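Subject: Structure handover

Hello,

Here is the structure I said I would pass on, with notes on what turned up in it. Please keep it open while you read.

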Amino acid sequence: MEHAHMQRAIELSVKNVHSGGGPFGAVIVKDGKILAEGANSVTSSNDPTAHAEILAIRAACKKLGAFELKGCEMYTSCEPCPMCLGAIYWARLDRVYFGNSAADALKVGFDDSFIYRQIEQPHPQRTIPMIQMMPEQAWEGFRTWDEKPDKTRY
């Protein structure tokens, strides 16, 4: 674990607050060197997915020309939210170090607990109802994928 990398993620979070963004910063490290950085730009870019971790993952993948980040670690100023956690698993990072906890984030108004509770709810009972439709027709995309011999698995 490299304290300098965590310090950089924290610096990004503080600098981002001073420039009008949210208090979140993240860096991705490969072979002991920072490969990519990200700072929350949700409000400045009008993009609810522009979390520090997501932006760092996008930048690292672009730099490596790959959709996986095996062999990489993330240092982030705060415990990842559910969206970022999903992206971290999809990117297959080796390890994540975080500074503030989700409980710390809650103290300053960032509450992800409702998302975790929503995931546990049956689809139609969620705050934003999720309604399945046309599953037989939708299966065509999966069938086409399943039969494609030269697909890139991920």
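A salt bridge is a side-chain nitrogen of Lys or Arg within 4 Å of a carboxyl oxygen of Asp or Glu. Side chains of opposite charge can pair when their charged atoms come close. Please bear in mind that this is a predicted model.

Salt bridges

The structure holds 9 salt bridges. One of them joins the side chains of Arg-8 and Glu-37, with 2.7 Å from N to O. Arg-8 belongs to helix H1 and Glu-37 to strand E2 (residues 33-39), so this pair ties together parts that are 29 residues apart in sequence. Arg-8 also forms a salt bridge with Glu-11, where the closest N and O atoms are 3.6 Å apart. Here both partners sit in helix H1, 3 residues apart, which is about one turn of the helix. Arg-8, Glu-11 and Glu-37 are thus linked in a network of salt bridges.

How exposed are the members of this network? Arg-8 has a relative accessible area of 25% and is partly exposed. Glu-11 is partly exposed at 37%, and Glu-37 is partly exposed at 33%.

Another salt bridge is found in helix H7, between Glu-147 and Arg-143. The N to O distance is 2.4 Å, and the two residues are 4 apart in sequence, about one turn of the helix. Arg-143 is partly exposed, with a relative accessible area of 32%.

Aromatic rings

A search of the whole structure finds 6 aromatic pairs. Among them is the pair of Phe-24 and Phe-110, which is edge-to-face, with 4.8 Å between the centres and 85° between the planes. This pair links distant parts of the chain, 86 residues apart: Phe-24 is in the loop between H1 and strand E1 (25-30), and Phe-110 is in the loop between helix H5 (102-107) and H6. Buried means under 20% relative accessible area, so Phe-24, at 15%, counts as buried. Phe-110 has 35% and is partly exposed.

The rings of Trp-139 and Phe-142 have centres 5.2 Å apart and planes at 85°, so this pair is edge-to-face. Both residues lie in helix H7 (residues 135-147), 3 residues apart. Trp-139 and Phe-142 are both exposed.

Phe-67, Trp-90, Trp-145 and Tyr-154 form one aromatic cluster. Trp-145 has a charged neighbour as well: Lys-151 lies over the face of its ring, at 5.5 Å from the ring centre.

A buried serine

Ser-13 lies in helix H1 (residues 3-18). Is Ser-13 buried or exposed? Its relative accessibility is 8%, so Ser-13 counts as buried. Which residues does Ser-13 touch, leaving aside its neighbours within four places in sequence? The contacts are Gly-22, Pro-23, Phe-24, Gly-25 and Ser-77. Phe-24 is the residue that pairs with Phe-110.

Nonpolar surface patch

Leu-85, Tyr-89, Phe-114, Ile-115, Tyr-116 and Ile-119 form a nonpolar patch on the surface. Together these residues have about 600 Å² of accessible area. Helix H4 (82-91) and helix H6 (113-120) are the elements that give two or more residues to the patch. The largest share, 4 residues, comes from H6. Tyr-116 is found in helix H6 and, at 38% relative accessibility, counts as partly exposed.

Regards

Key:
Residues numbered from 1 in each chain as written. Predicted model: local features only at pLDDT ≥ 70, side-chain atom pairs only at ≥ 80, totals over all residues. Heavy atoms only, no water. Patch = residues over 30% accessible without salt bridge, like charges linked within 9 Å, V, L, I, M, F, W, Y side chains within 5 Å. Areas by Shrake-Rupley, 256 points an atom, 1.4 Å probe, with all protein chains shown as cover. Buried < 20%, exposed > 50% of the residue type's maximum accessible area, 1.4 Å probe, protein only. Contact = heavy atoms within 4.5 Å. Phe/Tyr/Trp six-rings, centres within 6.5 Å; stacked < 30°, edge-to-face > 60°. Lys NZ or Arg CZ within 6 Å of the ring centre and 35° of its normal.
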